[in-house]
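Student: Could you take me through this structure slowly, and show me how each term used for it is earned?

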Amino acid sequence: MNEFELSIIGPAFLASLLVLSTHVPLGTEVLRRGIIFIDLAIAQVAGLGVIAADTMGWEAEGWLVQIAAVSAALIAAYVLHWTDKRWPDIQEALIGVCFVLAATAGILMLTENPHGGEHLKELLVGQVLWVNVDQLLPVAIVNALVLIAWFWMRDHLRGFGFYALFAFAVTASVQLVGIYLVFACLIIPAISTRHISRRSIRIICGYGVGIVGCLAGLILSVRGDLPAGAVIVWSLAMSALIFAWLVWPMIRHKDHSAETNIG
Amino acid sequence: MAGLMRRVATLIVGLAATSTSSALDVFACEPEWGSLMQELAGDKAEITVATTAFQDPHRLQARPSLIAAARRADLIVCTGADLEVGWLPLLLRRAGNAKIQAGNPGNFVAAEYVRRIEIPATIDRAQGDIHPQGNPHIHLNPRNIERVADALTKRLQTIDPANSADYQSQLDDFQERWSDATGDWEERAISLEGMRLASHHRSFSYMAAWLGLDIVATLEPKPGIPASGAQLAALLEQLTPNPPAGVIRTPYENEKPSQWLSARIDIAEIVLPFTIGGTPDSVDLFSLYDETIRMLEEHIR
């Protein structure tokens with residue numbers, strides 16, 4: 001790995017780590033609740049917020065864009081929290097409906113305001129290779145707050161709290177790395193570790209799967225000159241398969257034999 | 001024998017040296033500027049072209065090689081007028097190469113040297129994905145190529161003054177061939193004058209203005225936004241009594257709208273090369289124009 005390759009991978013890898021930091025723990029909860037498409041829905045509504053702000057003539061730059069995006073995401077989080085309480089048995093279906101409504105509302109609003117389309121693209125189609133280090137600091141702060149809230153109060157996050165944390169984490173991440181990679185970071189490590197019953201071990205293994213997958217994807221991207229986001233999604237899936245089929249059975253086996261020896 | 005070997009070795013080393021150290025590293029955003037660069041600098045430049053004829057220059061996926069190329073470039077040659085606004089600023093920031101940042105001699109913006117058309121009188125957001133700086137697809141008018149070639153040679157002479165005289169003679173040679181070719185095209189194109197065409201997007205406005213083509217409708221009445229039902233109905237109503245000769249589009253544009261129109265009113269679908277590489281025979285600027293005019297001639301009626 002030469003200096004140039006490192007300078008390309010460095011910021012992109014830091015961005016992936018930030019996304020993983022919140023999405024691995026949140027992913028386990030999302031999988032448990034069976035609401036896996038919630039990140040697509042929330043991200044899409046966040047984009048809608050930006051178009052709306054632009055349509056209302058607020059020159060959406062910098063912080064205003066972020067405020068519009070997070071506000072819209074929080075409103076969606078509140079609505080989804082409410083439907084979760086009201087109709088828990090059809091929550092996943094309602095999330096799907098929320099996603100298509102937000103996506104198509106975007107199309108309808110864009111006929112009046114095509115420049116919003118540029119903002120929408122910026123918001124939903126982040127490209128991990130084009131991340132600059134100075135973009136990472138605000139996301140790091142948001143994610144640190146989300147993580148503190150998560151680990152402090154996750155057992156009390158029954159209602160709106162979980163959805164609200166989710167709104168912040170997704171809105172921040174999707175702009176860095178794009179919607180595909182956000183979805184992959186949320187769901188893939190969570191699936192591959194679902195048989196691990198101890199929560200702390202599960203989270204640690206999920207981080208491991210995610211970090212290995214992101215690093216492998218970035219190296220493949222540089223060596224093969226491929227779009228990084230798409231390669232990382234595939235390498236994350238590979239990393240998850242290898243973990244679930246090879247690594248974890250071995251660890252568990254050792255664990256068991258150790259226990260029986262002691263016993 | 002040993003002497004011959006040594007001379008061969010020296011020659012190889014010499015060649016390697018000219019192809020790496022002394023060559024100017026040029027990053028061209030679109031194939032047409034890569035080709036123009038080839039005409040004007042020849043083997044004095046090592047050219048990387050960021051997009052192909054099958055990629056929309058408005059959009060681009062980040063690949064490591066693009067960042068690498070921008071990082072080592074001495075000169076970037078792009079269209080400007082907001083065409084690459086979605087990705088070039090990000091790429092320049094990520095490349096961290098002072099030579100090619102906006103405002104420096106290593107940053108060449110072709111659209112600054114031509115008279116742009118379709119500059120909106122008022123910027124109204126309801127009009128579509130408009131470019132306040134006018135239509136950026138400037139390269140399909142030979143006068144524009146001529147002006148950009150002059151400006152680009154001046155820029156090459158600024159960046160690489162040691163080869164100034166060579167650049168001048170290459171420019172003179174190119175301009176002579178280009179002006180001869182332009183004369184031929186204009187002669188052939190007399191038969192194209194007034195040819196009625198529909199177009200997917202406003203990608204061919206400069207060519208239409210040059211050749212006197214009549215673009216009677218665009219399938220994206222507001223650029224960048226899919227047409228509504230009412231707009232399509234109006235389009236059919238407008239075109240059915242007097243159908244145009246065909247509907248033109250670039251290789252990278254979605255084929256569905258023009259397929260729809262060509263099926264409804266039974267007109268030809270014409271995929272023009274648009275830039276170098278858009279058809280197998282469009283290998284440089286000259287053959288690009290030849291091919292484009294030939295394809296249009298086939299559909300005169």
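The dialogue below goes through some terms applied to this model, which is a predicted one.

Student: How do you know that Asp266(B) is exposed or buried?

Tutor: One counts the other C-beta atoms within 10 Å of its own, and a residue with 12 or fewer is called exposed. Asp266(B) has 9 such atoms, so it is exposed, and its place is in the loop between α9 (256–265) and β8 (268–271) of chain B.

Student: What makes Phe274(B), in the loop between β8 and α10 (285–298) of chain B, count as buried?

Tutor: The cut-off for a buried residue is 20 or more other C-beta atoms within 10 Å, and Phe274(B) has 29 C-beta neighbours inside that distance, so it counts as buried.

Student: What is noted about the phi of these two residues?

Tutor: Phi of Asp266(B) is near 55°, a positive value in a residue other than glycine, and Phe274(B), which is not a glycine either, has a positive phi of about 70°. As background, most residues other than glycine have a negative phi.

Student: How do you know that the length of helix α3 (residues 63–86) of chain A agrees with what is expected?

Tutor: The expected span is 1.5 Å times one less than the number of residues; for the 24 residues of α3(A) this should give 34 Å, and the end C-alpha atoms are 34 Å apart, which agrees. For α5(B), with 18 residues, the reach from the first C-alpha to the last is 25 Å, close to the 26 Å expected.

Student: Why are the buried residues of α5(B) said to line one face of the helix?

Tutor: The buried residues of α5(B) are Pro142(B), Ile145(B), Val148(B), Ala149(B), Leu152(B), Thr153(B) and Leu156(B). Seen down the helix axis, they fall within an arc of 145°, so they line one face. In general, an α-helix has 3.6 residues a turn, so residues three or four places apart point the same way. The buried residues of α5(B) pack against α2, β3 (75–78), β4 (107–109), α6 (164–188) and α10 of chain B.

Student: What makes a group of residues a nonpolar core, and which members of the largest one touch the most others?

Tutor: Its members are buried residues of nonpolar kinds, joined through C-beta atoms within 7 Å. Of the 149 residues in the largest such core, Ile42(A), Ala73(A), Phe166(A), Ala167(A), Val182(A) and Val77(B) touch the most other members. The largest share of this core, 12 residues, comes from helix α7 (residues 160–177) of chain A.

Student: Why is this core said to lie between two domains of chain B?

Tutor: Domain 1 (14–184) and domain 2 (191–298) of chain B both give residues to the core, so it lies between them.

Student: How do you know that the two domains of chain B touch, and what does each give to the contact?

Tutor: Residues are in contact if their C-beta atoms lie within 7 Å, and the contact takes 25 residues from domain 1 of chain B and 24 residues from domain 2 of chain B. On the side of domain 1 that touches domain 2, α2 (31–41) and α5 (142–159) of chain B each give two or more residues, and α2(B) gives the most, with four. By class, that side has 11 nonpolar, nine polar and five charged residues. The C-alpha centres of the two domains of chain B lie 25 Å apart.

Methods:
Residues numbered from 1 in each chain as written. Chains lettered and ligands numbered in written order. Predicted model: local features only at pLDDT ≥ 70, side-chain atom pairs only at ≥ 80, totals over all residues. Domains from an automatic or database assignment. Nonpolar A, V, L, I, M, F, W, Y, C, P; charged D, E, K, R; others polar. Arc of directions from axis to C-beta.
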